[in-house]
Amino acid sequence: ARRPTMHVVPQLLVSTILLGGIYALIAVGLTLIFGVMRVVNFAHGEFLMLGMYLAFWAFALLRLDPYVTLVLSLPLIFGFGWLSYRMVMRPVIHASHNVQVFTTVGLSIALQNVALVLWSADSQFVRTSYYTVVVRLGSAVLNLAQLIAFAVAVLCTAALFAFMRWSYTGKVMRATAQDRAAASLMGIDTGRVFALTWAVGVTCVGVAGVLLAPIYPVYPTVGLQFVLIAYVAVVLGGLGDMAGALIASLIVAAVEVIGSYV
């Protein structure tokens, strides 16, 4: 009875790491927004859904590979995040937490229903030429699309950590997160910092959506499937702690993978 159990351990380990890498990219964007702005973004999953639809329509209409779409769409996703902050979040950034919660929940409902009206509730699929390609790592088997998504997610997460740690803008964002009033007194434009933070967080989850499109079906409420897990990872990792969110994402992925197996 031990042999099958030991034989499946590498597969469970690989599946956990691959899934955890995607969860981490979603959770890091969410915890960045909370850490700097002190806003819980309940529309986070809908931005992921829009990223998935972006990859689907680029593939369906233009035959663009999702990973080509990812590179080309980065300015578009960032711009949409900036615009959504200016139109929706900017008026309530200094309001009470209740107002902010209702605003992000309302944005979530609005985006879901716009997607339903425009694209119906039917599941859509991105079937690339490498959709069925399998890669073997020892006794573990994984899909090529999963491996690519994991690699890109890790690169994006590492780039965000480096940006926050070593760039001047990242230091300004961290200073604003530590003490908003003191940052303003030091001449930091906190309004621009909040807009940038929101746009970067949306870009992270939008990138995750493009990466997930070749693996999971695309439909208007698909964001709920992932963002609830991201909330768990953010809370488990310590609200506003990006490193904690990364570790918690791997823990949550391990629970999901091993629990599904058992």
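The legends below describe views of a predicted model of a single chain.

**View 1. Secondary structure of the chain.** The chain contains 10 helices and two strands. Read from the N terminus, the elements follow the order α-α-α-α-β-β-α-α-α-α-α-α, with the two strands placed between four preceding and six following helices.

**View 2. Overall dimensions of the C-alpha trace.** Along its principal axes, the trace spans about 65 × 40 × 30 Å. The radius of gyration is 19 Å, which agrees with the value near 18 Å for a compact globule of 262 residues. Among contacts between residues at least 6 apart in sequence, 77% join residues at least 24 apart.

**View 3. The largest nonpolar core.** This core has 76 residues. Those with the most contacts inside it are Ile26, Met37, Trp198 and Leu211. Not counting residues up to four places away in sequence, Leu211 touches Leu25, Tyr67, Leu70, Ala149, Val152 and Ala153.

**View 4. A separate nonpolar core.** Apart from the core of 76 residues lies another, made up of five residues. Val14, Leu18, Val135 and Leu142 are among its members.

**View 5. Burial, exposed surface and charge.** Of the 262 residues, 47% count as buried. The chain exposes about 12600 Å², and carbon and sulfur atoms supply 70% of this area. The chain carries 13 positive and 7 negative charges, and the mean positions of the two sets lie 8 Å apart.

Notes: Residues numbered from 1 in each chain as written. Predicted model: local features only at pLDDT ≥ 70, side-chain atom pairs only at ≥ 80, totals over all residues. Heavy atoms only, no water. Rg over C-alpha atoms; globule rule 2.2 N^0.38 Å. Buried < 20%, exposed > 50% of the residue type's maximum accessible area, 1.4 Å probe, protein only. Contact = heavy atoms within 4.5 Å. Areas by Shrake-Rupley, 256 points an atom, 1.4 Å probe, with all protein chains shown as cover. Lys, Arg positive; Asp, Glu negative; His and termini not counted. Charge placed at Lys NZ, Arg CZ, Asp CG, Glu CD. Core = buried A, V, L, I, M, F, W, Y, C linked by side-chain atoms within 4.5 Å.
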